[in-house]
Amino acid sequence: MQSRTKVSPDTIKHIVEEASTIAVTAFARAGGDLQVWDKMPGDPVSETDLAVDNFLRDRLGALVPDAGWLSEETADDVSRLDCGRIWLVDPIDGTRDFVRGRTGWAISVALVEDGHVVMGVLAAPARGEYWIGARGRGAFLNGKRLKASRRQSFAGSRVPTDSLPKADVDLTVVEKPNSIALRMAMVADDRADLLATLRWGYEWDIGAAAIIAEEAGARVTDALGGELRFNKPRANAFGVLCCAPDIHDAAVERLRERAVRLSAGGG
């Protein structure tokens, strides 16, 4: 399903690049006078999250005036549910890394039409990485077309994580940026074979990365293997699974018991 919106992914990328300038300027102050507080215990937000959010809302809103808005840092307006398309934004995904002066954070922008992401831009300016994905047009990192992992054997799959539970010791640990979107993008760029979360999360965390990974050839579902839908009344889902297509069934089977048990708590 290609986008009916007459907006180029490159136009979105230029706006995100401007937002990246705001973020990088503030990133230089991480650990110093950068203003940071907790929205709730263990959930930090910085003045830069809000500044980038405001900038993107102004610029993207002018680009597609009839699109709704769903962002981590903006109070949810349920009128978005009446919109055929919305902007889905995480102004700083991976705030923990951002405020600690680490590079594992990104700006995530996706355009959703009728419940499906049709375009996504992911910017990791501290790493010099700019990712684009558009339905039916492929996915690119700094202009290079991406080809996702094609791993066929589940055992030994590369997973971006700090450590593995005993049940998964047959997998291989690779670098884990704080941004879940960047971890999904690692699968799109064949730096990882599998990214899985077993917790309730939000649409803005994964929207842009999902289209980038899918257009690169990865399989992206919820933790139980179901289809992801966006712009839902409750903008969350239980887990995400992003992996090489040939190991998807094995990953779902490996995770099923844990996913069913942990998802029972609701979101």
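**Exercise 1. Determine which residue caps the N-terminal end of helix α1, and state the atoms involved.**

Solution. In this predicted model, the cap of α1 is provided by Ser8. A side-chain oxygen of Ser8 lies 3.0 Å from the backbone nitrogen of Asp10.

**Exercise 2. Describe the span of α1 and establish how its buried residues are arranged around the axis.**

Solution.
Step 1. Helix α1 covers residues 9-27, which is 19 residues, and it reaches 26 Å from the first C-alpha to the last. That is close to the 27 Å expected at 1.5 Å a residue.
Step 2. The buried residues of α1 are Pro9, Ile12, Lys13, Ile15, Val16, Ala19, Ser20, Ala23, Ala26 and Phe27.
Step 3. These residues cover an arc of only 160° around the axis, which puts them on the same side of α1. An α-helix has 3.6 residues a turn, so residues three or four places apart point the same way.
Step 4. Thr21 and Thr25 are exposed on the other side of the helix.
Step 5. The packing partners of the buried residues are α2 (47-63), α3 (95-99), β4 (85-93), β5 (106-113), β6 (116-124) and β7 (129-134).

**Exercise 3. Give the strand order of the open sheet that contains β5 and β6, and identify its edges.**

Solution.
Step 1. The open sheet has 7 strands in the order β3-β4-β5-β6-β7-β8-β9, with mixed pairing.
Step 2. The edges are β3 (68-71) and β9 (144-145); each has a single partner strand, so one side of each is left without a neighbour in the sheet.
Step 3. Within the sheet, β5 and β6 pair in the antiparallel sense over 7 bridges. Val109 stands opposite Val121 in β6.

**Exercise 4. Characterise the setting of strand β14 and of Val240 within it.**

Solution.
Step 1. Strand β14 comprises residues 236-243 and includes Val240.
Step 2. Since 7 of the 8 residues of β14 are buried, the strand is largely enclosed by the rest of the structure.
Step 3. Strands β12 and β14 run antiparallel and are joined by 7 bridges; Tyr202 has Asn236 in β14 as its bridge partner.
Step 4. Strand β13 (residues 219-221) also runs antiparallel to β14, through 3 bridges, and Thr221 stands opposite Leu241 in β14.
Step 5. Val240 itself is buried, with a relative accessible area of 2%. Beyond its neighbours within four places in sequence, its contacts include Ile180, Met184, Leu195, Ile206, Val220 and Leu228.
Step 6. Val240 and Leu198 are 42 residues apart in sequence, yet their C-alpha atoms are 7.4 Å apart in space.

**Exercise 5. Decide whether Cys242 is bonded or unbonded to another cysteine, and whether Cys242 and Cys83 are buried or partly exposed.**

Solution.
Step 1. The closest cysteine sulfur to that of Cys242 belongs to Cys243, at 6.9 Å. A disulfide requires the sulfur atoms to be within 2.5 Å, so the separation of 6.9 Å is too far for a bond.
Step 2. The disulfide count is 0.
Step 3. Cys242 is buried at 0% relative accessibility, whereas Cys83 is partly exposed at 22%.

**Exercise 6. Locate Asp189 and name the side chain with which its own side chain makes a polar contact.**

Solution.
Step 1. Asp189 lies in the loop between α4 (180-188) and β12 (194-202).
Step 2. Its relative accessible area is 14%; buried means under 20%, so Asp189 is classed as buried.
Step 3. The side chain of Asp189 makes a polar contact with the side chain of Lys144, at 3.2 Å.
Step 4. With residues up to four places away in sequence not counted, Asp189 touches Trp131, Leu141, Lys144, Leu146 and Lys147.

Conventions
Residues numbered from 1 in each chain as written. Predicted model: local features only at pLDDT ≥ 70, side-chain atom pairs only at ≥ 80, totals over all residues. Heavy atoms only, no water. Helix = DSSP H or I, 4+ residues; strand = E, 2+ residues; numbered from the N terminus. Expected span 1.5 Å × (residues − 1). Buried < 20%, exposed > 50% of the residue type's maximum accessible area, 1.4 Å probe, protein only. Arc of directions from axis to C-beta. Contact = heavy atoms within 4.5 Å. Polar contact = N/O pair within 3.5 Å; in protein donor to acceptor, adjacent residues only side chain to side chain. Pairing = 2+ DSSP bridges.
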